[in-house]
Amino acid sequence: MLDRMESMSFDTVIDEFEAMTADAKRVQEETLKKILKENAEAEYLQNLGLKGKTDLEGFKTHVPLVTHKELEPYIQRIADGDSSPILTGKPITTISLSSGTTQGRPKYVPFNDELVESTMQIYRTSFAFRNREYPIGSGKALQFIYSSKQFKTKGGLAAGTATTNVFRSTQFKSTMRAMQSLCCSPDEVIFGPDFHQSLYCHLLCGLISCNEVQFVSSTFAHSIVHAFRTFESAWQELCNDIRHGDLNSEVTVPSIRAAMSKLLKPDPELADLIYRKCSQLDNWYGVIPELFPNAKYIYGIMTGSMEPYVKKLRHYARDLPLLSADYGSSEGWIGANVNPKLPPELASFAVLPNIGYFEFIPLREITEISGQDKESSTLLCVDPKPVGLTEVKAGEEYEIIVTNFAGLYRYRLGDVVKVVGFHNSTPELQFICRRNLLLTVNIDKNTEKDLQLAVEAAAKLLVKETLEVVDFTSHVDFSTDPGHYVIFWEMNRQASEEILRECCNCLDRSFIDAGYVGARKVGAIGALELRVVQRGTFQKILDYYLGLGAAVSQFKTPRCIGPSNGMVLQILCGEVANSFFSTAF
C-alpha cells in the first residue's frame, strides 16, 4: 500500500474519488456490510441480537442510536486490558483521547489501523484537489504540529490524542512525502515534551528554510495564530539564534537541542534579512508571505470554533489564500474539502462514502430536553428517524450519526451540519455547531455560532481604536436570580470603560433568538455581563489542558463553560480585570 501510494498520481486519487461518489449509495451499503462482517463476533453486536446480519434493515432494527455515555463501559473494559472481541472482531490496541474541551475531560475512543488508513485517504484526497488549484513545488511545509505523550492505560494499551496516534503512525510520514509536504522541523521538535520550546523551534526551523516553505499549516487555525502571536514577541531572539548559530538557552530539552544543532549554523545574512523585513512591517500585517515568499497558501481547520481566528489569520496572511482543512473528529473523519478555492466561511466537505456508514437526523426532529440542572440541558431527539447519506436534502440541517471500523455503531457525534449541495451523489456539508454547546437560561437557545456572531458584531466597535478580541468564551451564571449570560473577553490591550460598555450592550442586542429577546424584555433573563480578563488568561487555559495530557494540535478554546469545566471557570474568574452589565433592555 505504501509503495503504491508513494508513486500514486494524484489525478488517479481524484478519479477514484469521482467514481466512488458517483455511486455513493452502493458504496455505503458495501461499507456497512464490510464493517458488520469484520465485527460479527463483537460482544456488543452479539448482545443486540444481530447474529451476523449485514443488511441495512437488520442493522437499523437491532442497533440503537447511542452516545459516548452508552459505549463508555465497553471502551473502559478494552482500556483495562480485556482483549476479547468487545466492540470489534480484532482486538483494539490503541486508545484515542478527545481534546476534552467540550465536556471538561477527555473521552476514551477506540483507535485502529483502519482509522489511520481513512485519515491518509482524507489527506490524499483533499491534497489532490488542493494541488490541482494551488500546485506546490518540491520544498517543505512549515507545520505547527505537536504530539502529546502517549501513555499506557491500566490494561497496557497505548493511549494518546487522535493527532498523536496519527503522527506516530508509519503511514503519516510516507503520506507527507508523497504529498511533498515534509515538515521543516525534525521529529524531536514535533514530539518534544514542552509545547513552548517546540513552538519556538518550529518557528526557527521555518525561518532557516524560509525560501523552501511551500505552505504553512497546523491542525487548527488557532495554532497558526498562536504561533505568529508568539513570533511577534520572539522574533529578535530568533534572529539572534540564526545570526550566531546558537540556540536560545531557554530551549532546554536535550533531544530538541541536539536535533536543532544539526540545522542551526551561523547565518548573519539571513538574520539581517529577517530583521529588516520584520522592522518594516506595519502591525505585522502580511508577516507570513513576507517571511516565506514561496508559500502558496495557509492550511488548517478554520470552521466551527476556529472561525473566530480567521480574521487575525487574514491579517498575518495578507493576500495569501486561506484553505480550510477537512472535517472530522476524535472519533474519525467525515469529509474532505474538494473545493479549496472557497473561503473558510463557505467551506464545505464532501463525505467519503467508504470510510464509514453515515446517517443523518433531520434537525426539525430535534427538541430540547432539560435535566434537573438547566446548565446541563442538551439537544436530544424524540423518536428520531435518521436518513441515509444519499437521502439528505440540500438546504436542510442534520445531526450526524457515525458507524465506523473501530467499534462505534450508530454513534451520535454531536455535530450539527447543513447540506449545501452534492458532489456527484455524496453530500457536501457545512459545519454549523456542536449540538450540546448552548447558552440557555429558560426558553432561550443560543448556539456557539450565535455567540460568535454576537462577538463579531461587538468587536466592530473596537476597530477604530485598533483594539481586538484575542479570544473569548461564555458561561450561564445561575448564581443570580434570574440567571444571565456572562461573556469573557481577552483583549490585545486596555480599552476605555466607555467603549466596553458599548460593546456589552451590543453583545446583548446581538443575541436575536426570540426566546432570549422576549425573556430579556420581561426580566426573565438577567442583564448580560461582559467580563474582561487579563492578558494571557487564555494561555493559562491552554496550559491547563496541556497539563491534563491534551495536545496543542487538538486544542479548541471551549466556547461555553458548563459545570463540568469548573477549573476553567475558576481560571477565568480569577483573572477578571473589569466587569460590565448591559443596559440594552
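How many bridges join strand β6 to strand β7, and do they run parallel or antiparallel? I started my notes with this pair. The model is a predicted one, and I kept that in mind throughout.

**Entry 1: the open sheet**

I found 4 bridges between β6 (residues 213–220) and β7 (residues 297–301), and the two strands run parallel. For one position in the pairing I looked up serine 217, whose bridge partner in β7 is tyrosine 299. I then placed the pair in its sheet, which is open, has 4 strands in the order β3-β6-β7-β8 and shows parallel pairing. At the edges I noted β3 (140–143) and β8 (322–324); each has a single partner strand, so one side of each lacks a neighbour in the sheet. From one strand to the next the twist averages 25°.

**Entry 2: helix α12 on the sheet**

Next I looked at what packs on this sheet. Helix α12 (residues 221–244) does, and it touches β6 and β7. I noted about 115° between the direction of α12 and that of β6.

**Entry 3: α12 with α16**

I followed α12 to helix α16 (residues 310–317). Their axes are 10 Å apart and the packing angle is about 50°. An angle of that kind falls outside the parallel, antiparallel and perpendicular ranges, and α12 and α16 are therefore oblique to each other. I recorded their crossing as left-handed. On the α12 side, the contact is made by Ala221, Ile224, Val225, Phe228, Arg229 and Glu232. On the α16 side, I listed Lys312, Leu313 and Tyr316. Sorted by class, this contact of α12 with α16 has 6 nonpolar residues, 3 charged ones and no polar ones.

**Entry 4: two loop residues**

I checked two residues with positive phi. Arginine 318 lies in the loop between α16 and β8. Its phi is near 55°, a positive value in a residue other than glycine. I noted 35% relative accessibility for arginine 318, which counts as partly exposed. Asparagine 283 sits in the loop between α14 (268–280) and α15 (287–291). Phi of asparagine 283 is near 55°, again positive in a residue other than glycine. Its relative accessible area is 48%, and asparagine 283 is partly exposed.

**Entry 5: strand β12**

Is strand β12 (residues 357–362) largely enclosed or left open? I found 6 of its 6 residues buried, so β12 is largely enclosed by the rest of the structure. In a regular strand, side chains alternate between the two faces of the sheet. I therefore checked each face of β12, and both are covered. Tyr357, Glu359 and Ile361 are buried on one side, and Phe358, Phe360 and Pro362 are buried on the other.

I then listed the partners of β12. With β16 (residues 397–403) I found 6 bridges, and the strands run antiparallel. In this pairing phenylalanine 360 stands opposite isoleucine 400. With β15 (residues 387–388) there are 2 bridges, also antiparallel. Here glutamate 359 has glycine 388 as its bridge partner.

**Entry 6: α20 with α21**

My last look was at helix α20 (residues 537–547) and helix α21 (residues 566–574), whose axes come within 10 Å and cross at roughly 155°. That makes α20 roughly antiparallel to α21. I recorded this crossing as right-handed. From α20 the contact takes in Thr537, Phe538, Lys540, Ile541, Tyr544 and Tyr545, and from α21 Met567, Val568, Ile571 and Leu572. I sorted the residues of this contact into 8 nonpolar, 1 polar and 1 charged.

Key:
Residues are numbered from 1 along each chain as its sequence is written. This is a predicted model: local features need pLDDT of at least 70, side-chain atom pairs count only at pLDDT 80 or more; totals for chains, interfaces and linings use all residues. Side-chain values use heavy atoms; hydrogens and water are left out. Buried means under 20% relative accessible area, exposed over 50%, partly exposed in between (1.4 Å probe, protein chains only). Two strands pair if DSSP finds at least two bridges between them. Axes are lines fitted to C-alpha atoms, for helices over the stretch in contact, and angles run from 0 to 180 degrees between N-to-C directions. Angles under 35 degrees count as roughly parallel, over 145 as roughly antiparallel, 65 to 115 as roughly perpendicular and the rest as oblique. A crossing is left-handed if the near helix is turned anticlockwise from the far one by less than a right angle, and right-handed if clockwise. Contact means heavy atoms within 4.5 Å. Ala, Val, Leu, Ile, Met, Phe, Trp, Tyr, Cys and Pro count as nonpolar, Asp, Glu, Lys and Arg as charged, and the others, Gly among them, as polar.
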